[in-house]
Amino acid sequence: AERSGTVTIRNVRTGETMEQLPPPRTECFIWCMLLAPSHVWMGTEAGPILLYHRHSRGFVKEIRAHSGGVYCLAQNAARTRVYSGSNDFTIYEWDIADGKPLRLMS
């Protein structure tokens, strides 16, 4: 994130800006990000996961499931599921298209 709060997604090899998203609706540190086909998922230090529409760059929703910060986000090989890991010692499985929870693993 930039000082203005804008989230900048850069090419890991060149550092070139690929996308920019408006500042999150809540003041929080973003600890991890996942670029999914239609959404950008952001894990925060406070626990919520923020979803932005990848193409319109608009805020979609805030997901509150973890009681601790979300340190990692990953997707399965088929790109149909997202997994979030938290310092509350839980892992959630989500539907990648709409952010609905599918199961809790602890």
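Is R54 buried or exposed? In this predicted model, R54 has a relative accessibility of 19% and therefore counts as buried, the cut-off being under 20%.

**Surroundings of R54**

R54 lies in the loop that connects β5 (49-53) with β6 (59-63). Apart from neighbours within four places in sequence, the residues in contact with R54 are E19, L35, A36, P37, S38, H39 and V40. With A36 there is also a polar contact: the side chain of R54 reaches the backbone oxygen of A36 at 3.2 Å. T44, by comparison, is separated from R54 by 10 residues in sequence, and the C-alpha to C-alpha separation of R54 and T44 is 18 Å in space.

**Strands β7, β8 and β9**

Strand β8 (residues 81-86) contains S86. At a relative accessibility of 11%, S86 is buried. When residues up to four places away in sequence are not counted, S86 touches H66, G68, G69, V70 and Y71. One of these contacts, V70, belongs to strand β7 (residues 70-75).

Strand β8 pairs with β7 in the antiparallel sense, through five bridges. Within this pairing, L73 has S84 of β8 as its bridge partner. The hairpin of β7 and β8 has five residues between the strands, and R79 in this hairpin adopts a positive phi near 60°.

Strand β8 is also joined to strand β9 (residues 91-95), again antiparallel and over five bridges. Here G85 has I91 of β9 as its bridge partner. Four residues stand between the strands in the hairpin of β8 and β9, where F89 takes a positive phi near 70°.

**Cysteines**

How many disulfides does the structure hold? The number is zero. C32 takes part in no disulfide, and the nearest cysteine sulfur to that of C32 belongs to C72, 6.4 Å away. C72 is likewise in no disulfide, its nearest cysteine sulfur being that of C32. The separation of 6.4 Å does not meet the criterion for a disulfide, because the two sulfur atoms would have to be within 2.5 Å. The two cysteines also fall into separate accessibility classes: C32 is buried at 11%, whereas C72 is partly exposed at 42%.

**Relative accessibility of selected residues**

| Residue | Relative accessibility | Class |
|---|---|---|
| C32 | 11% | buried |
| R54 | 19% | buried |
| C72 | 42% | partly exposed |
| S86 | 11% | buried |

Note on methods: Residues are numbered from 1 along each chain as its sequence is written. This is a predicted model: local features need pLDDT of at least 70, side-chain atom pairs count only at pLDDT 80 or more; totals for chains, interfaces and linings use all residues. Side-chain values use heavy atoms; hydrogens and water are left out. Buried means under 20% relative accessible area, exposed over 50%, partly exposed in between (1.4 Å probe, protein chains only). Helices (H or I, at least four residues) and strands (E, at least two) are DSSP runs, numbered from the N terminus. Contact means heavy atoms within 4.5 Å. A polar contact is a pair of N or O atoms within 3.5 Å; within protein, one must be able to donate a hydrogen and the other to accept it, and residues adjacent in sequence count only if both atoms are side-chain atoms. Two strands pair if DSSP finds at least two bridges between them.
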